[in-house]
Amino acid sequence: MLRRAFLMLIGGSVVTTWDAIAAVPRPPFRVIDAMPTFWKFWDSTIGELGDNRVRAFFDTIVAAYPDLFHHGLIASGALTDLGGVPEAQARVAKYLHDVSPFIPAMRRITITIRDGFSRYVQEFVTTFPDYAPTTPVYFTVSLFGFSGGLFLAGEDTGLYFGVDELARIHGSTGNLKVILQHELFHQYHFQIAPEISNDRAAWAFMWEEGLATYVSQRMNPGTKADQVLVTPDRLSELAQPHLPDLARRLLDNADSTNPNDYADLFTVEQAPSGIPARSGYFVGYRVAEKLASTRSLVELVHLRGPTLKRAVLNALADLQKPA
């Protein structure tokens, strides 16, 4: 699964290593950017009939990044070698129609990534000098499959961003820097504590998301909680009255590895009746905030093992108490 976001994505064969990224004083990691290929396709086929444009999508984007589209990470199904399959053609045709309103926002996001991502990485290195990722970063269209997340699966492990879904969910005015740094932290956390990323228990999932949210705030002084919680608007205000019940539910299901017991607290699409979407992020943020009151940021992010679990569960127990 796309780790810690319920979003999705995967890697390409045409590799772009940005010089600015490689200049970061760390073992260089690959940035695989499929967006230039997408824009070349989009701009050169605007006047084409539907069937021709669908065929061009397969002949340019899918052909250029066969690994990215082969494993089924994008659009929940492999597209490689399916250019002649009616179902796959229909899926792409629908996508090309549905994505049109988001093209302006996607262009602005592409520019922001091109001009700012290396700077965000350098700021991350300043905060966490031991950041030395071995997993690549991908920017692509996802057929609205995901906005961003760390995918953990052998050779395909990587940090993936879906520019189309970023545009659909956040538009071009959202704080992209916060979003990118949130996901960079997941990549870093997997580097220093892979057992937490691999733990499917509810408490570990909540901790990873809450910690990444809290860290993105600490990296951007003056940023308010709702700016790092991102969506929906005013999440902290809306979720605060439900905090004791939310904390109790996560505490009661702390060791559950069944996503049905907690996943609805972390997705945009689902939420319990009367509870704002993504309330689990708010609970995790409050847990991280509580633990940070007696620890430095470095100590906080390096918590592991029984010490970490005990601290997280104790914080949840405190948060379930009525204010």
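How many residues apart are E165 and R168 in helix α7? E165 and R168 are three residues apart in helix α7 (residues 163-170), a separation of about one helical turn. The legends below describe this pair and other close-up views of a predicted model.

**View 1. E165 and R168 form a salt bridge in helix α7.**
The closest N and O atoms of E165 and R168 are 2.7 Å apart. An α-helix has 3.6 residues a turn, so residues three or four places apart point the same way. The two partners fall into separate accessibility classes: E165 is buried, with a relative accessible area of 4%, whereas R168 is partly exposed at 39%. A search of the whole structure finds 12 salt bridges, and views 2 and 3 also show examples.

**View 2. D98 and K94 form a salt bridge in helix α5.**
Both residues belong to helix α5 (residues 86-98), where they are four residues apart, about one turn of the helix. Their closest N and O atoms lie 2.5 Å from each other. K94 counts as exposed, with a relative accessibility of 55%. D98 counts as partly exposed because its relative accessibility, 26%, lies between the limits of 20% and 50%. The side chain of D98 also makes a polar contact of 3.1 Å with the side chain of H97. Across a longer stretch of sequence, D98 and F144 are 46 residues apart, and their C-alpha atoms are separated by 9.5 Å. F144 appears again in view 5.

**View 3. A salt bridge joins the side chains of D264 and R249.**
The N to O distance in this salt bridge is 2.6 Å. The pair links distant parts of the chain, with the two positions 15 residues apart in the numbering. R249 is in helix α13 (243-252), while D264 is in the loop between α13 and α14 (279-292). D264 counts as buried because its relative accessibility of 18% is under 20%. R249, at 23%, counts as partly exposed.

**View 4. F41 and W42 form an edge-to-face aromatic pair.**
The structure holds 23 aromatic pairs. A pair of aromatic rings is described by the distance of the centres and the angle of the planes. For F41 and W42, the centres are 6.5 Å apart and the angle between the planes is 70°. Both rings belong to buried residues: F41 has a relative accessible area of 2%, and W42 has one of 6%. F41 and W42 are part of one aromatic cluster, together with F38, W39, F57 and F58. W42 has a charged partner as well, since the charged end of R53 sits over the W42 ring, 3.9 Å from the ring centre.

**View 5. F102 and F144 form an edge-to-face aromatic pair.**
The ring centres of F102 and F144 are 5.8 Å apart, with 75° between the planes. This pair links distant parts of the chain, as the two residues are 42 residues apart. F102 is in the loop between α5 and α6 (103-127), and F144 is in the loop between β3 (137-140) and β4 (148-151). Both residues are partly exposed: the relative accessible area is 23% for F102 and 22% for F144.

**View 6. The charge of R278 lies over the ring of Y281.**
R278 lies over the face of Y281, at 3.9 Å from the ring centre.

**View 7. Helix α6 has a kink centred on G116.**
The kink in α6 is about 50°. The helix has 25 residues, and at 1.5 Å a residue these should span 36 Å. The end C-alpha atoms of α6 are 34 Å apart, which agrees with the expected span.

**View 8. F205 is a buried residue in helix α10.**
Helix α10 covers residues 202-218 and contains F205. The relative accessibility of F205 is 0%, so F205 counts as buried. F205 and A254 are 49 residues apart along the chain, and their C-alpha atoms are separated by 9.5 Å.

Definitions and conventions: Residues numbered from 1 in each chain as written. Predicted model: local features only at pLDDT ≥ 70, side-chain atom pairs only at ≥ 80, totals over all residues. Heavy atoms only, no water. Salt bridge = Lys/Arg side-chain N within 4 Å of Asp/Glu carboxyl O. Buried < 20%, exposed > 50% of the residue type's maximum accessible area, 1.4 Å probe, protein only. Polar contact = N/O pair within 3.5 Å; in protein donor to acceptor, adjacent residues only side chain to side chain. Phe/Tyr/Trp six-rings, centres within 6.5 Å; stacked < 30°, edge-to-face > 60°. Lys NZ or Arg CZ within 6 Å of the ring centre and 35° of its normal. Expected span 1.5 Å × (residues − 1). Bend = angle between axes of the 7 residues up to and from the residue.
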